[in-house]
Amino acid sequence: MPDTTPDAAAALNKVVEALHGLDRDHLDGVSVAELLWLAAGAQNRAAGGDGSGITRGASASSSASDPRESLSDWDRLRKPLYEPSAGGSGAALPARVVSLPRGAALPRARELATALRPLRRPWLAGRRQQLDIEATVSDYARTGELVPAFRPTPERWFDLTVVLDRSPTMAVWGDTVDELLKVLSRTGVFRTLRVRDVSIWDADSEPRSAQGRPPGAGPRNAQPRRLILVVSDCVSGAGGDNRLWDRIHHWAGAIPTVLMNPLPPKIWRHSGLDLPAVRVTPPAVPSVRNAQLRFTAPPLMDHDFQQRGSRRHAWLPVPIVGLSPRAVAKWARTLMRGDPEGCEAVLVPEPGLLHRPPAPEGTSPDGALLVEAFLHRASTAAVRLAVLCSPYPQLNIALLHLVRQELVPEATSADVAEVVVGGLVSIVDGETGRGGPVLRFREGVGERLASRLGARDALRTHDAVSRFIAAHALAPSRFPALVPDAAGDAEIASGLVPFAAASARTLRSLGLAVEEVATTAQEPPEVETPVPSPGRAIALGAASEVDEAPALRVRRVPREQEHRPYFFLSYAHTPRYGTGGPDPDMWVERLFRDLSGHVMAMTDLPAGAPAGFMDREIRSGGGWSERLGEVLGSCRAFVPPFSPRYFASEICGKEWYAFAQRAIYHQAKSNRPAEAIVPVLWVPMPPEQLPGPAERLQFNHRAFGDRYVTDGLYGLIKLRIFAEEYERAVYELAKRIVSVADTARLAPGNPVDYLQAPSAFGRPSGGARPMQVTVVAPTRHDLPDGRASDYYGTQPQDWNPYYPDSARPLAYVAQDLMRSLNYQATVSSFDHESRSDLSQPPTQPEILLVDRWALEDEECRARLAAFDAQPQPWVSVVVPWNRDDPQSRVAEPELMQKLERTMPHQMRQGRAADRAAARGVPSMEAFGQILPLVVESVAQEYLRHARAFPPAPELRQPRLQGPMAEYGTTQHIPRRAEESEDS
């Protein structure tokens with residue numbers, strides 16, 4: 001029913017009068033809706049709101065409607081993030097440079113790796129020899145003499161040389177090329193991989209390899225085993241520059257050569273790739289030189305191929321592929337004689353045969369014509385990507401890929417290329433020297449594109465980028481950005497618009513200290529970050545005004561008063577048996593409904609508040625992983641139904657670990673345990689079949705009835721004769737959930753990155769795996785001069801770097817985290833560990849927790865240097881430090897240099913997570929995120945280097961013993977000495 005009061009009527013008349021004064025030729029329904037939305041926000045701010053539709057004192061349900069609440073790191077103390085730039089006019093805002101995580105620069109990387117499968121065809125006549133058992137046995141049966149026979153070992157077919165075009169225009173594709181090289185290296189398709197840079201060669205000299213030979217040198221075999229991949233956008237070949245084509249012609253005459261172009265195929269003809277196009281087909285032999293590829297002469301070129309053999313010397317076919325899995329697969333099959341249809345190629349002339357005039361110089365059209373031309377020829381994904389980026393006056397390639405990954409996942413590298421080369425932007429070098437090329441919209445282009453962007457999409461772009469930064473703060477691949485900071489040494493040019501916002505928690509995880517703002521008892525001064533506007537007409541002001549907006553505040557209902565779910569029902573989905581039939585998970589859903597009813601009756605939850613959560617409600621919808629992460633970070637108890645299928649499910653293991661991590665953080669901060677996991681016997685299981693995290697739970701199932709222990713809830717719910725026992729068990733279970741939730745009082749945590757969480761159940765078979773945690777830290781009695789003693793105890797194991805945020809020593813927090821991953825961790829100090837012979841095979845993987853203040857002691861520094869001198873890939877160094885510790889913050893550069901000089905090998909070995917952990921972990925939350933990655937890394941290295949014994953022939957299936965038994969590796973049990981002597 002509409003509001004018909006006089007005040008409402010007067011307000012409506014004012015709105016109608018205001019709309020009459022606007023230009024109706026350029027005003028559509030969407031624009032009117034946006035104007036009304038902005039007007040409502042302005043009126044709300046005047047009444048004490050924040051402009052988002054949330055008034056002071058709003059309820060929790062109303063605050064949940066704010067789309068910014070979907071951010072995974074929302075803490076209301078946020079700072080905007082800007083592109084590094086020295087441009088702009090007017091006053092500049094002081095800022096500090098931070099490094100942000102990058103998005104994937106190469107979409108569909110896994111599909112590209114799969115497309116290279118035809119090249120896995122082995123070369124049977126390898127260089128190495130292996131024992132030929134069949135030939136040896138055959139010769140022994142024929143001659144009676146046991147003489148080993150050998151045969152060549154099959155090996156990979158190709159040695160790959162990647163030639164990178166480092167012309168100025170290719171700088172845009174630097175990140176894409178780097179990820180392409182990683183794909184080529186990790187697939188294992190090639191025997192060797194070498195990278196050559198075309199820009200280091202002089203124009204008049206032949207390009208040569210590290211051994212001094214040109215890439216095309218060597219004997220011309222019928223089946224060359226070397227392959228050259230040239231990565232170039234061919235723009236340098238436009239305007240009469242044929243140096244790249246001359247080199248490609250030289251290489252293609254001796255070695256199979258292919259050209260990979262990151263630009264979309266439809267604009268190849270408008271670059272330097274304006275050569276005759278043909279389709280090549282493979283001959284009867286795989287992997288031949290380009291001159292042996294078959295093709296039909298294109299029209300108007302028959303006279304060039306009339307003489308016998310002329311096309312082999314004058315024009316050579318070179319296959320050309322884009323960054324598309326389909327194109328790469330067709331070329332790979334053509335090369336290995338697996339695709340009779342062939343692939344696309346161009347005819348490259350011999351040097352001096354083709355002369356092209358330089359490209360004419362002309363003035364660029366205005367922004368309106370450029371946008372219209374782009375909208376006419378570009379793909380839908382490219383248009384959407386350009387429109388989403390239009391509020392920013394400039395952006396670098398890393399930010400462009402990030403927006404593509406988070407908001408236009410269907411876009412490919414060709415769509416990104418259309419935005420870059422479509423005439424919309426000009427490419428300039430990054431002013432900071434670290435951001436790479438910067439894209440700036442040409443005059444009039446940004447405004448024209450921004451007119452197609454709605455306010456909702458602008459807000460979604462801002463929030464999506466902010467959410468990605470918060471969830472991947474520890475990612476190794478990064479790009480620079482600026483955050484306002486009065487003490488910073490950089491500047492934000494006026495007129496720039498922030499592309500994202502970072503909370504204080506995120507900035508701390510990025511290594512930037514953030515000072516808390518003084519608050520009053522009545523209302524916390526929480527600053528709201530501006531978001532990009534949907535058009536230049538309502539754009540934000542200068543950057544200097546952004547950080548001075550204390551009037552934009554949001555008052556949030558305290559989290560303790562929010563109606564959080566009492567329990568999270570985690571379960572393993574049961575597949576249907578046969579076709580049709582009822583849903584096998586309907587019984588779990590009934591259990592959830594019954595538990596929710598009892599919990600509602602036992603608590604004071606209001607109507608509409610969730611009593612529990614079951615992921616069945618969102619399995620088929622969008623945002624599944626984000627929703628799971630939010631509920632796992634806020635629910636009060638965790639209810640896992642025990643069954644063999646549950647403990648075999650990786651998803652259930654992730655859910656268990658995500659909730660157990662909250663309990664570990666709670667114990668670390670309060671120094672009291674929080675047992676908030678309430679197990680359910682869905683199917684009875686013997687204790688020896690339970691993984692470590694489930695076996696360690698102290699829970700009396702007999703309190704729910706003897707029949708419940710014998711048959712489990714599934715047996716009680718399926719058989720009607722046990723209906724009374726089922727009702728009793730569910731009632732007792734609900735009482736237990738409410739009691740645990742009210743007793744543990746587990747504080748809500750941050751939404752977890754559910755997709756990145758490890759499984760708490762570890763490997764499907766085997767018990768808890770051993771792990772060594774060694775602490776390198778001083779005690780309270782032997783601290784360096786001037787060092788505060790608040791972080792230390794009487795033993796090195798008592799070191800607590802995150803005090804006062806944490807009340808427990810870090811080694812025991814790490815032990816609990818490893819226990820939740822099904823590892824049995826042993827804690828000791830570096831001083832007490834016996835390391836007499838480091839050359840022996842390892843007995844267990846090891847995590848070294850290093851306090852950099854310990855390096856002030858010369859004896860400890862010498863021991864660490866000796867430890868680092870021995871290669872030990874099964875050992876990883878983790879360097880925790882507290883960004884809120886003023887002494888550590890001041891001395892960090894000097895202590896970091898000492899650690900790098902003392903342990904250079906350990907600081908650089910391992911995966912990206914190991915190296916990031918060695919550089920420093922500045923907070924407890926960052927420690928909990930990176931420790932599972934380091935643990936998995938050292939466990940894998942331990943399996944590669946530990947000694948394994950084959951099973952004894954006389955023992956059928958020996959019981960695994962020793963450290964390797966927990967890792968699922970067969971170990972030989974040696975016989976006793978007297979048994980060996982008797983035999």
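Helices (H or I, at least four residues) and strands (E, at least two) are DSSP runs, numbered from the N terminus. The model is predicted, so local features need pLDDT of at least 70 and side-chain atom pairs count only at pLDDT 80 or more, while totals for chains, interfaces and linings use all residues. Residues are numbered from 1 along each chain as its sequence is written, and side-chain values use heavy atoms, with hydrogens and water left out.

**Exercise 1. Place Val137 and describe its surroundings.**

Step 1. Look for the helix: Val137 lies in helix 5, residues 133-143.

Step 2. Check the accessibility. Buried means under 20% relative accessible area, exposed over 50%, and partly exposed in between (1.4 Å probe, protein chains only). Val137 has 51% relative accessibility, so this residue counts as exposed.

Step 3. Find its patch. Patches are made of residues with over 30% relative accessible area and no salt bridge, joining like charges within 9 Å and nonpolar side chains (Val, Leu, Ile, Met, Phe, Trp, Tyr) within 5 Å. A salt bridge here is a side-chain nitrogen of Lys or Arg within 4 Å of a carboxyl oxygen of Asp or Glu. Val137 forms a nonpolar surface patch with Leu131, Ile133 and Phe150, and together they have about 420 Å² of accessible area. Accessible areas come from the Shrake-Rupley method with a 1.4 Å probe; for residues, only the protein chains shown count as cover.

**Exercise 2. Work out the strand order of the 7-stranded sheet, then find its edges.**

Step 1. Two strands pair if DSSP finds at least two bridges between them. Following the pairs gives an open sheet of 7 strands in the order 6-5-7-8-10-11-9, with mixed pairing.

Step 2. Strand 6 (192-197) and strand 9 are the edges: each has a single partner strand, so one side of each is left without a neighbour in the sheet.

Step 3. From one strand to the next, the twist averages 35 degrees. Axes are lines fitted to C-alpha atoms, for helices over the stretch in contact, and angles run from 0 to 180 degrees between N-to-C directions.

**Exercise 3. Follow strand 8 and strand 11 inside this sheet.**

Step 1. Start with strand 8. Strand 7 (residues 226-231) pairs with strand 8 in the parallel sense over 4 bridges, and Leu229 stands opposite Val258. Strand 8 also runs parallel to strand 10, joined by 2 bridges, with Leu259 opposite Ile320.

Step 2. Sort the side chains. In a regular strand they alternate between the two faces of the sheet. In strand 8 (residues 257-260), Thr257 and Leu259 point one way and Val258 and Met260 the other way, and all are buried.

Step 3. Move to strand 11. Strand 10 (residues 315-321) pairs with strand 11 in the antiparallel sense over 5 bridges, while strand 9 (residues 277-280) does so over 4 bridges. Val346 of strand 11 is the bridge partner of Val318 and also stands opposite Ala277.

Step 4. Judge the burial. In strand 11 (residues 343-349), 6 of the 7 residues are buried, so the strand is largely enclosed by the rest of the structure.

**Exercise 4. Describe the 3-stranded sheet.**

Step 1. This open sheet has the order 12-14-13, with antiparallel pairing.

Step 2. Strand 12 (394-396) and strand 13 (425-428) stand at the edges with a single partner strand each, so one side of each has no neighbour in the sheet.

Step 3. Neighbouring strands are turned by 30 degrees against each other on average, direction ignored.

Step 4. Strand 13 and strand 14 (residues 438-441) pair over 4 bridges in the antiparallel sense, with Ser426 opposite Arg440.

**Exercise 5. Compare two residues with positive phi.**

Step 1. Phi of Ser287 is near 55 degrees, a positive value in a residue other than glycine. Arg745 is likewise not a glycine, and its phi is near 50 degrees.

Step 2. Ser287 is in the loop between strand 9 and helix 8 (310-314). Arg745 is in the loop between helix 23 (723-744) and strand 23.

Step 3. Ser287 is buried at 0% relative accessible area, whereas Arg745 is exposed at 63%.

**Exercise 6. Count the disulfides and check two cysteines.**

Step 1. A disulfide is a pair of cysteine sulfur atoms within 2.5 Å. By this rule the count is 0.

Step 2. Cys635 is buried, with a relative accessible area of 0%. Cys860 is buried as well, at 11%.
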